[in-house]
Amino acid sequence: MRRRTLALAAAAALAATGLTLPVAATAGAAPGNSVRSDFDGDGYADLAVGVPSATVNGKAKAGAVSVVFGGPGGPGSSNVRRITQATVEVPGTPEAGDRFGGALTTAYVDDDKYADLVIGAPGEDIDARTDAGSVTVLYGTGDGFALANTAARGAKSGDAYGNALAAADFTGDGDVDLAVGGKDQVVANFNPFAARTERLMADRMGGRAPVMTTGDFDSDGRDDLAVAFYTQNQPYTQSHVQVHTYNKAEGAFGLTWSSDNSAANALAAGDFNGDGRDDLALGNCREIADENIDDPCGPEELTKGGGIHIHYGGADGLIWEGQTLNQDTPGVPGIAEKGDDFGNALTAADLDGDGRDDLIAGAPGEAIGSAARAGAVTVLKGGKNGILDTSGGADSVAYQQNTAGVPGTAEKGDAFGTTLATTDYDGDGRPDVSVAAPGENASSGGVWNLPGGATRGSTAVTPRSIGLPASSHPFAYGAVIG
C-alpha cells in the first residue's frame, strides 16, 4: 500500500470561539506502522482536540489541547491528557488570547515509532509583537509525550502564525516539513527542530486562515501543498484553489496548478478511483469573483446548499474536468437547501478496504426535522469511476445524531459534522471516522467516533466525559481536531 497523506478538513468555528479555523493534515505514518497519530506507540491511534477558547490559570482563551488516547474501545477508552503552555514540556506561558490549539496536525517528525503533535497558537505574543503567533512540536514517547520545541514564530505583530497547519515531505528528502498558515501568507519550515521559516506564498486571504491539505497530485513521489483562500472587497474580490510544489533545482515552492475564482471551505486528498494518483476534493465550493470563467466549481446548480467538486489526478497533475455533486445528486441522501453547508468539512480514507478512498463530507448546517443546524455527515463511496458512477450517481450513506446507534439527539445548533478526522483508533486495522459537533450542549461540544465509518459501536467524547476543568468561554470541543 503506497504512502499517502490524509487530510483532515475543518470548517469555520462557531461564533463562540471567535475563530475561523483551518484545515489540519496528517503526515504519513511511521515506517512499518499503518496507524497515524499514535503518540504513545501502543498501536492505537490517538485523538487530539484543540480547545483554543479554554481558560488556563485564569487566562481567558489561553487555549489547551485535549489528547484522548485510543484503545480497543476507541478514543477515551484508555487515557486522556490535557496540554497547555503551563505543561512542563511546552515552551511559553499561558496568556489571554494565545489560542493555543487553534490548529493541529500530527507527523512523525523525528522518525521514531511515536507520532508527534504540532500545535498552533495564532494569538501568541512574542516580545512586543502582538498576535505574532507560534507553532510548537510536542514529541511522542512511550508514556505520551516528552520534549517540545518551537517550530515557528511570527515575524511581526498580526502574523498569526499557526492559524493553519499541514505536514508532509515536500522536498522528497525523507524528512517531514511543515506548512504554517498565517495572516495573508503561508510559510514553510523544512526543519521542525528549529524555528526558522521561509515564505512559501503570500496573498490576501480576507483575514481567514488558509485552507490546506497535501497530496502527490503530479505523481512525482513528493507531496504537494493545496491551498484555498478568498477575499471580498479587501480591496478587491478574488478566490483561488492552488497547488504549490517544491522545486528541487530552485530550492523553493512554485505555483503549479490553479483554479481561479473558486473558493472552498475544505480540501481533501484521496485516490477516489483507485488509479494510483491523488485526487483533490473541494468542499462547499463556490465561485466568489463571479467572472464565469470555466465554471471552477462545476455547474452552478450543483453548488446549492454546498457542493463538492473533485479534480482527478492525471499523469501531469490535476485534470481540470472533474465531478460535481451536492445533496440533489442521485444517491446522495437529503435535499440541497440553502445553509446546509454540505462539504464544509472533508476527509478521505479507504473505509471498506477495496483499494479506493471514500470521501466523508460534513454538513454542519443541515436541519434534522425542526432542529436547525443540527448537522449531518455523509460517507461517499469511491469507485472505478470515482465518487460518481458513469450515470452521475453516488453510492453513499448519511448519519446524524438521530441515526440508530449514534449517541445523543439531533438538536438545534449542534453543528454535527463541523470537523472530521480518519484513522484507526481501535486497532482493528480499519480507519474510523471522528465527527465533531462543537455546538453540542450550548457549545460545550463533543467528538463522535464511528468505527469503520459506521454506527455500530459508536461512542462520544465530551468535556464532561473526560473531566475538563471549567472555562470562562464555551469549549466548542471539536472545533479543531487532529
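Which strand does E287 lie in? E287 sits in strand β21, which covers residues 286-287; strands here are DSSP runs of E with at least two residues, helices are H or I runs of at least four, and both are numbered from the N terminus.

## What you're looking at

This is a predicted model, so local features need pLDDT of at least 70 and side-chain atom pairs count only at pLDDT 80 or more, while totals for chains, interfaces and linings use all residues. Residues are numbered from 1 along each chain as its sequence is written, and side-chain values use heavy atoms, with hydrogens and water left out.

As for confidence, pLDDT (the predictor's own score for each residue, from 0 to 100) averages 91 over the chain, and 91% of the residues score at least 70. Take care at the start of the chain: pLDDT stays under 50 over residues 1-26, for which the model has 111 contacts beyond four places in sequence. Residues 28-34 also stay under 50, with 13 such contacts. A contact here means heavy atoms within 4.5 Å.

## The overall picture

The chain's secondary structure adds up to 1 helix and 32 strands. Its C-alpha trace spans about 55 × 55 × 45 Å along the principal axes. Of the 482 residues, 62% are buried, meaning under 20% relative accessible area (exposed is over 50%, partly exposed in between, with a 1.4 Å probe and protein chains only). Among contacts with a separation of 6 or more, 56% are between residues 24 or more positions apart.

On the outside, the chain exposes about 16700 Å², with carbon and sulfur atoms supplying 47% of that; the areas come from the Shrake-Rupley method with a 1.4 Å probe, and for residues only the protein chains shown count as cover. The chain has 32 positive and 63 negative charges, and their mean positions are 5 Å apart. Lys and Arg count as positive, Asp and Glu as negative, with His and the chain ends not counted; each charge is placed at NZ of Lys, CZ of Arg, CG of Asp or CD of Glu.

## Around D260

Back to E287: its relative accessibility is 25%, so it counts as partly exposed. E287 and D260 are 27 residues apart in sequence, and 8.9 Å apart in space, C-alpha to C-alpha.

D260 also turns up with H240, a residue of strand β16 (residues 238-247). H240 is buried because its relative accessible area is 13%. Its side chain makes a polar contact with the side chain of D260 at 2.7 Å; that term covers N or O pairs within 3.5 Å and, within protein, one atom must be able to donate a hydrogen and the other to accept it, with residues adjacent in sequence counting only if both atoms are side-chain atoms. Leaving aside residues up to four places away in sequence, H240 touches D203, V227, A228, F229, S258, S259, D260 and S262.
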